[in-house]
Amino acid sequence: MPEFNYEVFDRQGQRLTGQVQADSASEAVRSLTSNGHTVVEVTERRTELRLAPRRRLRAQEVTVAFHELATLLESGVSLGDAITAQSRGSHHPALATAFTAMGKGLSQGENFLGALRASELPVPDYVFHLVEAGELSGQLAAALRQAVGQMEYDQKVASDFKSALTYPAILITAGLAAVFFVFVFVVPQFTNLLEQADDLPLLAEVVLRTGAWFNENVLLVIAGAVALAALLITLFRRPAVRQRFMDSLARLPLLSDWLSEADTAKWASVMSAMLASRVELMDALGLAARGVRISRRRTGLGRAEADVRGGVSLAEALEKQDALTPTGYNLVRVGEQSGQLAEMLRSLATLYEQNSTRRMKRFLNLIEPLAILLIGGFLGSIMIGVILAMTSVNEGVL
């Protein structure tokens, strides 16, 4: 028989919690009310496998949960019932726990913003501001829909960026593995040529001696590679290291324009979502700048925020910091003059997103032949070195 967790108040007003067995939730409620209790919440108890490690909560799962919550609210379901439905329908234990905690907070008179913060769900900061604006304006469903759209956009940008870096990383890894295989298993077969020839060409001698060293120190090379990989993973877990890496990439000729336009698209998208939900301009500027990945651009947008706070228009402040293109300044200026700044920023985000996507495709189209040429050139040099060694030995014999 299923077991249900309950929270009730008895006749004296004392809050009680516990478990009760019943065929259904409604039967559990009837059983509790028949004893004179006032039922606050009844939820089916979930059985978790303690031996299995808990899977990490992914950002996509959080987005889907908020998408479902926004859909329920748009359909006319009350906030309390929608939260309860999400606590029962969420597949990940962390989501179920978070929505259950939200439901308890709401039942105790807390607003949704406070309940969401207390749940400690991993959501961006702008979600809290959008929820706050939605509650103040009575348009919580619309605010949640804006938050969901922005979270989906952020995940798309992050996915595109990872995909762009994954392909070159695979090519480089495959090339290094091929070089390692050649040095360990192929070149050592010809190291006896070092003894047979009196004077080998420099390239041949370097290749053969390197192959001999690799063959004698295979375990050391593998241990060094593993240690290097572990060190890089440890370093990249630090935000400061990731920030320096991103700033270094942003200085490269092929990547600077792409990363800058992708950052600007994200900034404009967050600004549009904030302003559409009636968030104050200064709050929107601060939150949008916080999500920019390149520190130089983040600093420039922070200065633009200070200029706006001092009375300068947004278009003039952005132009002063060289944050956008002439087209971007015109869109922002038209939006300020017409009172449709959110719509203009959304158009600006779309424009920059399309430009960054084109630049990303150009980068990928260039990196593939470049990586193949580098790997092929390196392996070709090894083969040429071996051939030169064989030729020198044969000439000495003749």
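This passage describes the pockets, cavities, salt bridges and surface features of a predicted model.

The open space in the predicted model is considered before the enclosed space. The largest pocket holds about 1,600 Å³ of space, and 39 residues line this pocket, with Ala158, Phe161, Lys162, Arg242 and Arg293 lying nearest its centre. Two or more residues of the lining come from each of helix H2 (59–74), H6, H7, H10, helix H11 (239–250), H12 and H13. Of the elements that contribute, H7 gives the most to the lining of the largest pocket, with nine residues. When the lining of the largest pocket is divided by class, 22 residues are nonpolar, six are polar and eleven are charged.

Enclosed space was examined in a similar manner. Rolling a probe the size of a water molecule over the atoms shows where empty space is left. The structure holds three cavities of 30 Å³ or more, and about 140 Å³ of space lies in the largest cavity. This largest cavity is lined by 13 residues, of which Val157, Asp160, Ala262, Ser356 and Thr357 are the closest to its centre. Helix H7 (140–186), helix H12 (253–276) and helix H17 (341–397) each supply at least two residues of this lining, and H7 gives the most, with five residues. The lining of the largest cavity consists of seven nonpolar, two polar and four charged residues. Helix H7 therefore has a part in both spaces, as it gives the most to the lining of the largest pocket and also gives the most to the lining of the largest cavity.Charged side chains were examined next. Side chains of opposite charge can pair when their charged atoms come close. The count of salt bridges comes to eleven. One of these bridges joins aspartate 125 and arginine 290, whose closest N and O atoms are 2.7 Å apart. Because aspartate 125 lies in helix H6 (residues 125–137) and arginine 290 lies in helix H13 (residues 281–290), this pair ties together parts that are 165 residues apart in sequence. Aspartate 125 counts as partly exposed, since its relative accessibility is 36%, whereas arginine 290 counts as exposed, with a relative accessibility of 52%.

A second salt bridge is formed by lysine 156 and glutamate 353, with 3.0 Å between the closest N and O atoms. Distant parts of the chain are linked by this pair, as lysine 156 is in helix H7 and glutamate 353 is in helix H17, 197 residues apart. Lysine 156 counts as partly exposed, at 40% relative accessibility. In addition, Asp257, Glu261 and Arg359 are joined into one network by salt bridges that share partners.

The side chains of arginine 58 and glutamate 61 also meet in a salt bridge, in which the distance from N to O is 3.9 Å. Within this pair, arginine 58 is partly exposed, with a relative accessible area of 44%. Glutamate 61, in turn, counts as buried because its relative accessibility is 14%, a value that falls under the 20% cut-off for a buried residue.

On the surface of the predicted model, a nonpolar patch of about 440 Å² is made by Leu228, Leu231, Leu232, Phe236 and Phe245. The largest share of this nonpolar patch, four residues, comes from helix H10 (residues 218–236). Phenylalanine 236, which has its place in helix H10, is partly exposed, with a relative accessible area of 33%. Because residues of such patches need over 30% relative accessible area, the 33% of phenylalanine 236 satisfies that part of the rule.

Finally, two pairs of residues show how positions that are separated in sequence are placed in space. Leucine 370 has its place in helix H17 and is partly exposed, with a relative accessible area of 39%. Between leucine 370 and proline 168 there are 9.8 Å in space, C-alpha to C-alpha, although the two residues are 202 residues apart in sequence. Glutamine 155, which lies in helix H7, is likewise partly exposed, with a relative accessible area of 24%. Glutamine 155 and threonine 63 are 92 residues apart in sequence, and their C-alpha atoms are 9.3 Å apart in space.

Note on methods: Residues are numbered from 1 along each chain as its sequence is written. This is a predicted model: local features need pLDDT of at least 70, side-chain atom pairs count only at pLDDT 80 or more; totals for chains, interfaces and linings use all residues. Side-chain values use heavy atoms; hydrogens and water are left out. Patches are made of residues with over 30% relative accessible area and no salt bridge: like charges are joined within 9 Å, nonpolar side chains (Val, Leu, Ile, Met, Phe, Trp, Tyr) within 5 Å. Accessible areas come from the Shrake-Rupley method with a 1.4 Å probe; for residues, only the protein chains shown count as cover. A salt bridge is a side-chain nitrogen of Lys or Arg within 4 Å of a carboxyl oxygen of Asp or Glu. Buried means under 20% relative accessible area, exposed over 50%, partly exposed in between (1.4 Å probe, protein chains only). On a 1 Å grid over the protein atoms alone, a cavity is a set of points where a 1.4 Å probe fits but cannot get out, and a pocket is an open set with protein on both sides within 12 Å along at least five of seven lines; lining residues have an atom within 4 Å of a point. Grid points are joined across faces, edges and corners, and a volume is the space filled by probe spheres set on the points. Ala, Val, Leu, Ile, Met, Phe, Trp, Tyr, Cys and Pro count as nonpolar, Asp, Glu, Lys and Arg as charged, and the others, Gly among them, as polar.
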